[in-house]
Amino acid sequence: MRIKITLIFFALFNIIQAKAQVQPIKKDTVKLKEVIITSNRIALPFSKTSRTINVITSDEIIKSPASNVSDLLQNIVGIDIRRRGTDGMQSDLYIRGGNFDQTLVLIDGVKMDDSQTGHHSMNAILSLDNIERIEVIKGPAARIYGQNAFTGAINIVTKKIRDNSLKVNLGFGSYNNLKGGLSFIQKFENGGILTSFNYQESDGYRYNTDFENKSVFVKANLGKYNLTSTFTSRDFGANGFYATPAAIDQYEETQTSLIALDANFLSGNITIKPRIYWKRNQDMYLYLRHDPPVYRNLHITNRIGAETNVVINSSIGKTGIGINVSRNFLASNNLNDHNRTVITGFLEHRFEIDNFDITPGIAISSFSDFNTKAFPGLDLGYRFSERFKWYGNIGYTYRVPTFTDLYYVGRNEIGNSDLQPESALSEEIGFKYTTGSFDLNLALFNRDAKDLIDWAKDNPNDAEEKWEARNFSEVSTQGFEFDVTYKFSVGNFDQKFNIGYSFIKDENKDKYTRYALNSIKHQLTSAIDFKFSKLFSQNISYRFVERSRGETYAIVDAKILAELPDRIGMSLSANNIFNAAYTETNLVPMPKGNIMLGLNYKFY
């Protein structure tokens, strides 16, 4: 089947290519509404930002072969998603050589990090149908979002409430992978509501990798007030996911909830945006799925918080001021019970002088169990023309240890209560060239970190020695990346081609580590969206990875999307169509070629 799918794509492309004239899309023939990069304070049009930012639009999400956010992010250059299992069942997020504790995930600006462990960052990821766009901010982002945005941040912007609709989605694929979803949107005179229910189950692609997912998403707008609420439950067999690959009978259940209420008040040149929120995560782990008493962990974390952000527009630019206060509670049979209070203040100002833009800023965080820390930063930009811009930024970043880092006691791991917070100085320089049909972004970056936390051994070959959480004296990371997008037309249909490449060199002057220094050394990503009829559109994506420890693999995915009459849509996605054998973390083998057939019907 995978060979037939590939041949269909190849034949379609070459037949039409021979008959049609390829032309670049002219800027004056396409009306583009520029994306505003959201921020809890100073929001800017994409072209005015002085950082490396990738935006995944709703149109790109629909056309992608990915069925979940983890798979979708895999095709962004500089992003390393290390998955255990299929459909993003358990995924860790890395940016530019950092680790899973150093990247911050946000939903509509609400931080989803967990004081227990960074392994839970991707637990509450929404269904793709509920996402308007995804903003990927690379480089030091601590002065914008606070600690944990050590190497970057991912902000998931949820779907806007537009027209009334009722939609059902069904899918069936390899490994008896069955999914279904129902979404409902109702607009009111002064607002609206969006509700979504999703369910998915699968037998798994090998022994003890079955799973069951359930999620609910509710978004409501009422005048100046907005409510965002999510609940996600994941139950899955975890064959070799943790401990050692020989631990084939592991099992895990996670639940993640979020309720956030925010408002937007405008008074003259001042915008005030208050928010209150509650986030809960529950994690239950069994070493032996069918014999729970042998080893069982149960962790429950709760965070309650309030924040207020203010933007002041004046003749000298935009000023952003914010404060965020949160209280974290952990109840655990392994880590014991712990609390942490975090108070963070933000101050930034953007100056625009002729073609220059300058944005200095600082975040100051006070932790109840660690010292107060400041994260200053500076963004600079110079626009040579409407199309060409140079930019650079520098900033300090910081991360306090998670409770797992500090207190975990496992069969093969042990925490360290004497750990110190991580810190780093990061720099970036780059340029952007943008036209109506051609976009280019090139960036060089450097990060000098100290006291990084990772799990280590003195002798990696000693099976009796436990992995211990430790600080390392110095880790240096350098690299560069580029990303090119070309839009053109074939006949009356728009096409798009993208290619990106990143290189990372990092050096750890200490002992062997478990997670941090297996970065992607070389990463090549490419995708083409092509359409030759009103009915069908196609996408083929390719990624090549070489890690710093020598592993290499190449993956090809594809998707055909059909827009049928009478509000019916169909899709066929094929992942890893050439059956590449590879692992991304902990020697967990990833699935071979698999497909998913999707059907959706919009009642109105």
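**A tour of paired strands**

Begin by selecting Asn 313 together with Lys 318, a residue of strand E20, since in this predicted model the two stand opposite each other. Widening the selection to strand E19 (residues 296-314) and strand E20 (residues 317-332) shows an antiparallel pairing that runs over 16 bridges. The two strands form a hairpin, and two residues lie between them.

Keep E19 in view and add strand E18 (residues 270-286), which pairs with E19 in the antiparallel sense, here over 17 bridges. To find one position along this pairing, select Met 284 and then Leu 298 of E19, which stand opposite one another. As background for what the viewer draws here, strands of a sheet pair through backbone hydrogen bonds, either parallel or antiparallel.

Next, move to an open sheet of three strands, whose order is E25-E29-E28 and whose pairing is mixed. Its edge strands, E25 (413-414) and E28 (452-456), each pair on one side only. Selecting E28 with strand E29 (residues 467-472) brings up an antiparallel pairing over five bridges, and within it Ala 456 has Glu 468 of E29 as its bridge partner.

For the last stop, select strand E36 (residues 594-602) and pick out Ile 595 within it. Is this residue buried, exposed or partly exposed? Ile 595 counts as partly exposed because its relative accessibility is 27%, a value between the 20% limit for buried and the 50% limit for exposed. Finally, add Asn 575 to the selection: it is 20 residues from Ile 595 along the chain, while the C-alpha atoms of the two are separated by 6.2 Å.

Key: Residues are numbered from 1 along each chain as its sequence is written. This is a predicted model: local features need pLDDT of at least 70, side-chain atom pairs count only at pLDDT 80 or more; totals for chains, interfaces and linings use all residues. Side-chain values use heavy atoms; hydrogens and water are left out. Two strands pair if DSSP finds at least two bridges between them. Helices (H or I, at least four residues) and strands (E, at least two) are DSSP runs, numbered from the N terminus. Buried means under 20% relative accessible area, exposed over 50%, partly exposed in between (1.4 Å probe, protein chains only).
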